[in-house]
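Let's take a walk through a protein together, one stop at a time. Have the sequence and the 3D view open, and look up each residue as we get to it.

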Amino acid sequence: MKVERMKNKFLLLAALCCCALVAVGCSKGPKLLHITGSVKVADETVDTGSVTFKSSDGQGAAYGAPIKDGVFEAEVPAGDYNVTCLGGKVVGEFAPDPLYPDRMAQQIEDFPAVAFTEKIAVKIEKKGQVVDIVYTGEGNVE
């Protein structure tokens, strides 16, 4: 009987510890808003690359997303951000690999890094917001 009580107490303690760990692991961060958008350099679509949102006050985490087929989808808290991008455009396709004849590889030409040095600022305010990022392609003109 005494062994049974100890076993029950142990199981209860283990269950409470598990609940405490789950509760600690479920801490809430900032509410993320789903946004979409596109990226262009001098009226040319950036087909592939990445976009990063950094808080304009320099505090907090940065949020990023891949650019695929000229568009991106990201999860970002509401706020003011400076945007940075890197990417390229599809200029052709490579011959398929003999081992994978049904897979064509895209040939990508990167935009020069200087094309993305302009300061782009955006304000994220609501879920579903569309953020179209357009660089002139001339670089930082400050």
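In which strand is S38 found? Look in β1, because that is where S38 is found. Keep in mind as you look around that this is a predicted model. S38 counts as buried, because its relative accessibility is 17% and the cut-off for buried is under 20%. So what does S38 touch, leaving aside residues up to four places away in sequence? One group of partners is G70, V71 and F72, and another is V131, D132 and I133.

Let's zoom out for a moment. The protein chain has 142 residues, and 25% of them count as buried. There is 1 helix, along with 9 strands. If you read along the sequence, the helix comes up at the start of the pattern, and the strands follow: α-β-β-β-β-β-β-β-β-β. Now think about contacts between residues at least 6 apart in sequence: 62% of these join residues at least 24 apart. As for the outside, the chain exposes about 10100 Å², and carbon and sulfur atoms supply 58% of that area.

Next, the inside. In soluble globular proteins, nonpolar side chains tend to be buried together. Here, the largest nonpolar core has 25 residues. Which of its members touch the most other members? They are V51, F53, F72 and I133. Several strands chip in at least two residues each, namely β1, β3, β4, β5, β6, β8 and β9. Of these, β1 gives the most, with 4 residues. You already met I133 as a partner of S38. I133 also touches V39 and K40, and its other contacts include V51, F72, V83, C85 and I120, again not counting residues up to four places away in sequence.

Now for the rings. How many aromatic pairs does a search of the whole structure find? The search finds 4. One of them brings together F53 and Y81, whose ring centres are 6.1 Å apart. Their planes sit at 85 degrees, so this pair is edge-to-face; the cut-off for that label is over 60 degrees. The pair links distant parts of the chain, with F53 in strand β3 (residues 48–55) and Y81 in strand β6 (residues 79–94), 28 residues apart. Both partners are buried: F53 has a relative accessible area of 0%, and Y81 is at 5% relative accessibility.

Another pair is made by F116 and Y135, with ring centres 5.2 Å apart and planes at 85 degrees, so this one is edge-to-face as well. Here F116 lies in the loop between β7 (105–110) and β8, while Y135 belongs to strand β9, and 19 residues separate them. F116 counts as buried at 6% relative accessibility, and Y135 is buried too, with a relative accessible area of 0%. Back at F53, there is a bit more to see: F53, F72 and Y81 form one aromatic cluster.

Time to visit some loops. Is Q129 buried or exposed? Q129 lies in the loop between β8 (120–124) and β9 (130–135), and it counts as buried because its relative accessibility is 14%. A polar atom of the Q129 side chain lies 2.7 Å from the backbone nitrogen of E125. Leaving out residues up to four places away in sequence, Q129 touches H34, I35 and T36, plus K123 and I124.

For our last stop, find the loop between β1 (32–41) and β2 (44–45), the place of A42. D43 is found in that loop as well. What is the phi of A42 near? The value is near 50 degrees, which is positive even though A42 is a residue other than glycine. D43 is not a glycine either, and has a positive phi of about 70 degrees. How do these two neighbours fare for exposure? A42 counts as partly exposed, because its relative accessibility is 42%, whereas D43 counts as exposed at 69%. The cut-off for exposed is over 50%.

Technical notes: Residues numbered from 1 in each chain as written. Predicted model: local features only at pLDDT ≥ 70, side-chain atom pairs only at ≥ 80, totals over all residues. Heavy atoms only, no water. Buried < 20%, exposed > 50% of the residue type's maximum accessible area, 1.4 Å probe, protein only. Polar contact = N/O pair within 3.5 Å; in protein donor to acceptor, adjacent residues only side chain to side chain. Contact = heavy atoms within 4.5 Å. Areas by Shrake-Rupley, 256 points an atom, 1.4 Å probe, with all protein chains shown as cover. Phe/Tyr/Trp six-rings, centres within 6.5 Å; stacked < 30°, edge-to-face > 60°. Core = buried A, V, L, I, M, F, W, Y, C linked by side-chain atoms within 4.5 Å.
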